[in-house]
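I opened this model to look up its pockets, its chain contacts and its backbone oddities. The entries below are in the order in which I looked.

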Amino acid sequence: MSSVVRIDRLTKDFPVGFWRPRPHRGLDGLSLEIPAGGVFGLLGPNGAGKSTTLKLLMDLLRPTSGHAEILGRPVGDAHARQRLGFLPEHPTFYDHLSAEELLVYFAGLFGYTGADRRARAARALDRVGLRSDDRQRPIRQYSKGMVQRVGLAQALVNDPELIVLDEPMSGLDPIGRREVREIILELRDEGRTVLFSSHILSDAELLCSAVGILNRGRLVASGRLSDLTAGEAHGWEVVMTMTDASLADRVSPRVMRTRRIDEGRYSFELGAAARPEPFIAELSAAGATLVSVSPIRTTLEDVFVKALGQGDAA
Amino acid sequence: MKRAGQAVAVLAAVAVGIAAAAGVLHARDERHPLPVSEDRLMYLRSGRTADRVFLSFDAIASDVYWIRTIQHYGRDLGSTRTTGRFELLNPLLDLTTTLDPHFNIAYRFGAIFLAERPPKGPGRADQAIALLEKGLASNPTRWQYLHDIGFVHYWFTNDYERAAAAFERAATMPGAPEWLRPVAAMTRAQGGDRAGARRLLTELLSADQDYVRHTAERGLQQLQALDAIDQLQAIVERYHDATGSYPRAWRDLISVRLLRGLPIDPTKTAFVYDATTHRVTISETSSLFPLPRFLQPRTR
Amino acid sequence: MSLRRIALVARHVFKESVRDRVLYAIGAFALVLVAASILIAQISAGQDVKIIKDLGLATIELAGIVMSVFVGIGLVAREIDRRSIFALLSKPLPRWEFVVGKYAGLVLTIFVNVVAMTAALYLMLGYLHWSASPAVRLSWDAPAMDVRLLIAVALIFAELALLTAVALLFSTFSSSALLSLVFTLGLFVAGTFSEDLRHFGDIMDVSPIVGHLVGAIGWIVPAFSAFDVKAQVVHALPIGTAFVADTLVYAVVYIAAVLLAAVFLFSRREFR
């Protein structure tokens with residue numbers, strides 16, 4: 001499987017200060033490969049270098065040293081851009097244009113003409129769910145969510161192989177976020193590659209097949225999500241309901257943690273060594289009812305926090 | 001480094017482009033310059049209006065108008081047109097000096113431009129003097145403007161009375177040089193006002209500077225010589241009235257006792273009588289030569 | 001290189017200007033001023049044709065200058081400021097095509113405005129011609145609806161094209177719109193006085209070095225005053241075709257140099 005993005009020791013210094021600018025290292029020797037197909041999440045706290053990385057890939061910034069390839073061509077190559085889609089962070093577009101006009105304009109820049117151009121624009125707007133009467137209004141009048149949709153549409157108008165999204169969920173309400181998530185999964189299912197940056201881990205957890213975690217310009221962890229969060233379950237969570245509260249108190253010392261969720265419902269955390277089955281059987285015999293059993297695995301958040309901690313120490 | 005090399009190449013290309021453009025412009029102006037529009041309609045003629053229009057950019061505006069003044073003067077000087085020569089000089093100078101009332105050379109050179117007689121100038125001594133007086137109004141201690149007023153009167157209007165008055169006023173100003181007063185005096189003499197000149201020169205006899213005293217002495221002697229010449233001329237006429245013919249030399253006058261001896265000037269040099277013109281003049285060998293002009297004052 | 005892409009950018013710029021209400025304000029102001037000159041002409045005792053032509057041409061030039069400078073500067077700076085440029089540059093549009101397209105769009109806008117104002121001027125001159133008696137018409141230096149006015153307008157347009165290029169140049173590399181404005185206006189003033197600068201050493205009493213330095217500046221700055229044939233046209237003085245051709249060549253060469261610099265600077269530009 002080929003890589004759509006190849007980053008080799010990419011470094012970016014920003015001059016800070018006017019008279020004797022001292023460089024601030026925004027990105028420090030990043031090396032990364034992103035395979036084709038699937039969704040890759042570039043994660044990290046604010047200021048970690050995520051946007052910097054994406055801008056370097058899109059030739060909006062030029063590297064201080066290092067090298068990157070996108071779709072097999074060096075960064076900045078026009079041919080690669082033909083097969084690429086990009087949604088910048090906090091996008092703004094030409095206020096005076098309508099969504100339709102904007103999409104038609106951009107489609108024209110890809111080389112599409114005539115009816116084909118208009119059809120593609122319409123398809124892209126359909127895909128992001130922008131209503132037809134809204135499409136004719138100037139973008140000036142759009143809500144944030146609508147602008148984000150337009151942004152996504154213009155990234156898709158050319159049926160790209162690789163879609164790069166910089167904080168695509170920012171500013172969206174939960175419904176909007178779910179819709180974007182669904183679109184991303186659709187794109188993945190169509191065999192495209194999606195690269196997005198975010199500081200919201202829950203989205204990443206739901207979407208990504210692989211992630212890279214940046215902190216202070218350095219890559220502190222990367223790999224397939226399943227690999228990163230792999231490891232045996234280090235415990236079990238058993239949720240049961242019981243009418244007899246004293247029952248919970250009796251088993252409490254044997255478990256790692258007991259939590260009362262609400263009236264009659266308790267959550268018990270068992271250690272990794274213990275098996276939940278006998279525990280459940282015992283409580284069931286005493287009259288309790290099982291609600292759920294789930295293994296406690298490493299979450300992405302755990303990985304994240306741990307990686308950051310290591311990064312800081314380094 | 002490739003980037004630096006690129007930058008140099010582009011910089012060189014841009015420089016070449018600009019140079020080429022400048023070359024085209026230069027060639028254009030050499031080969032087919034634009035005919036200068038001779039019609040002159042100045043939209044802004046009033047200094048006061050200009051002052052308001054230019055807000056606080058008066059000084060720069062006055063500089064621009066000064067440049068235009070010089071250009072106008074230069075252009076008309078070399079032009080062959082016969083009507084309306086230098087017609088914009090006064091409005092331009094008025095604008096220049098209203099926008100900047102302390103624009104020294106505009107007053108001084110401007111006055112000279114205005115006073116120059118055609119074809120070298122418009123011959124408007126009155127405008128020149130008005131300009132200088134305007135300068136004086138804003139700069140009351142500038143003796144140079146009064147001196148220039150005197151100058152204009154002396155050379156262009158030949159009004160020696162006023163010229164002398166201007167020099168005298170100039171002499172009273174702080175910082176005025178001492179030579180202004182003898183100049184005033186001699187100007188009075190030039191105008192035939194010997195009494196006034198005598199008065200001034202007598203005052204100057206007690207001046208501090210040696211050269212001023214010497215000049216005053218000499219001036220007084222010249223006035224004496226002028227008076228003597230008048231008297232001698234009168235005697236020559238009496239001889240003519242009495243005998244019906246003019247004398248041929250001083251001898252003739254001495255022989256009829258009209259003169260007691262050879263007439264001499266205050267430097268003891270003999271006066272000269274010309275038998276053909278019948279006129280008495282000072283000798284060219286005298287140190288008082290030349291006498292101030294107009295030594296033919298009140299006799300017929 | 002794709003002319004089509006450049007044309008797309010240009011058309012987009014034109015559309016933006018058309019929908020930008022500021023431009024209408026400038027245009028309206030210009031038209032009002034041109035109309036007002038008819039009033040002025042009534043009180044100027046026979047000089048009306050000349051005054052209307054003078055004022056009309058001057059207004060076209062002034063309105064054009066305001067447009068060139070303010071919109072030219074905003075053109076790129078605004079895009080960069082508002083980040084709308086990020087999405088645009090991710091498309092297969094080379095940076096140089098972006099710059100050239102922007103320039104072409106603005107020049108097109110100015111062209112349309114100049115044409116509109118010139119048409120209005122001719123309308124007014126037409127009215128003047130129609131309302132004047134044959135005797136009065138004979139007294140005019142040049143006919144009211146003189147075709148040669150178009151020469152003056154054409155050169156004004158060339159001047160505006162040059163000024164636009166300068167504004168665009170500053171807009172592509174300066175991060176502050178105010179700074180771009182200052183530089184562009186400064187260069188415009190210098191260019192207007194370029195002829196005086198060239199003769200500076202002759203007129204003013206300065207050392208030869210200073211004279212040569214200032215003179216050199218007079219040759220280097222874009223000579224905006226070199227496009228002024230208003231007085232000649234109004235007084236029906238001859239203007240050779242060679243003169244006009246040379247002036248246009250000057251404009252084209254200089255504009256090319258400026259655009260080259262703008263393209264170069266913009267190619268190097270990074271966007272934080």
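Entry 1, the second largest pocket. I began with the lining, where helix 1 of chain B is the largest contributor, giving three residues. I note here that the model is predicted. The volume of this second largest pocket comes to about 430 Å³. I counted 14 lining residues, and those nearest the centre are A:R62, B:K2, B:R3, B:Q6 and C:R268. I then asked which elements give two or more residues to this lining. They are strand 4 of chain A, helix 1 of chain B and helix 13 (241–268) of chain C. By class I have six charged, six polar and two nonpolar residues in the lining of the second largest pocket.

Entry 2, cavities. I searched the whole structure and found one cavity of 30 Å³ or more. The largest cavity holds about 40 Å³ of space. I listed its lining as A:L57, A:M58, A:D59, A:I70, A:G76, A:D77, A:A80, A:R81 and A:L84. Sorted by class, the lining of the largest cavity has three charged residues, one polar residue and five nonpolar residues.

Entry 3, A:D59. I stayed with this residue of the cavity lining and checked its backbone. A:D59 is not a glycine, yet its phi is positive, near 65°. Most residues other than glycine have a negative phi, so I wrote this one down. I located A:D59 in the loop of chain A between helix 1 (50–57) and strand 4 (65–70).

Entry 4, which chains touch. Two pairs of chains touch, and I found the most contacts between chains A and C. How far apart are the nearest C-alpha atoms of chain A and chain B? They are 12 Å apart, and these two chains do not touch.

Entry 5, chain A against chain C. In this contact I count 33 residues from chain A and 29 residues from chain C. The two chains bury about 3,000 Å² between them, with 54% of that area from carbon and sulfur atoms. I looked for salt bridges across this interface and found two. In one of them A:K12 pairs with C:E270, and the closest N and O atoms are 2.7 Å apart. I also found 10 residue pairs in polar contact across the interface of chain A and chain C, both residues of each pair being at pLDDT 80 or more.

I next asked which elements of chain A supply at least two residues each to the side that touches chain C. Strand 1 (3–16), helix 2 (78–82) and helix 3 (99–109) do. Helix 3 of chain A gives the most, with five residues. By class, this side of chain A has nine charged, eight polar and 16 nonpolar residues.

Entry 6, chain B against chain C. Chain B puts 30 residues into this contact and chain C puts in 34. I get a buried area of about 2,800 Å², with 71% of it on carbon and sulfur atoms. Within chain B, the residues that lose the most area to chain C are B:L25, B:R28 and B:L34, which together make up 21% of what that side buries.

How many salt bridges join chain B and chain C? I count one. It is made by the side chains of B:R68 and C:D196, at 3.7 Å from N to O. Polar contacts across this interface come to three residue pairs, with both residues at pLDDT 80 or more. On the chain B side, helix 1 (2–31) and helix 3 (58–78) each supply at least two residues that touch chain C. Helix 1 of chain B has the largest share, 17 residues. I sorted this side of chain B into six charged, six polar and 18 nonpolar residues.

Entry 7, cis peptide bonds in chain B. Most peptide bonds are trans, so I noted the exceptions I came across. The bond from B:P118 to B:P119 is cis, with omega near 5°. I placed B:P119 in the loop of chain B between helix 5 (104–115) and helix 6 (125–138). The bond from B:F289 to B:P290 is also cis, with omega near -5°. B:P290 sits in the segment that follows strand 2 (279–281) of chain B.

Terms used
Residues numbered from 1 in each chain as written. Chains lettered and ligands numbered in written order. Predicted model: local features only at pLDDT ≥ 70, side-chain atom pairs only at ≥ 80, totals over all residues. Heavy atoms only, no water. 1 Å grid on protein atoms, 1.4 Å probe; cavity = no way out; pocket = protein on both sides within 12 Å on 5 of 7 lines; lining within 4 Å. Points joined across faces, edges and corners; volume = space filled by probe spheres on them. Nonpolar A, V, L, I, M, F, W, Y, C, P; charged D, E, K, R; others polar. Contact = heavy atoms within 4.5 Å. Buried area = accessible area lost by both parts, 1.4 Å probe. Salt bridge = Lys/Arg side-chain N within 4 Å of Asp/Glu carboxyl O. Polar contact = N/O pair within 3.5 Å; in protein donor to acceptor, adjacent residues only side chain to side chain. Helix = DSSP H or I, 4+ residues; strand = E, 2+ residues; numbered from the N terminus.
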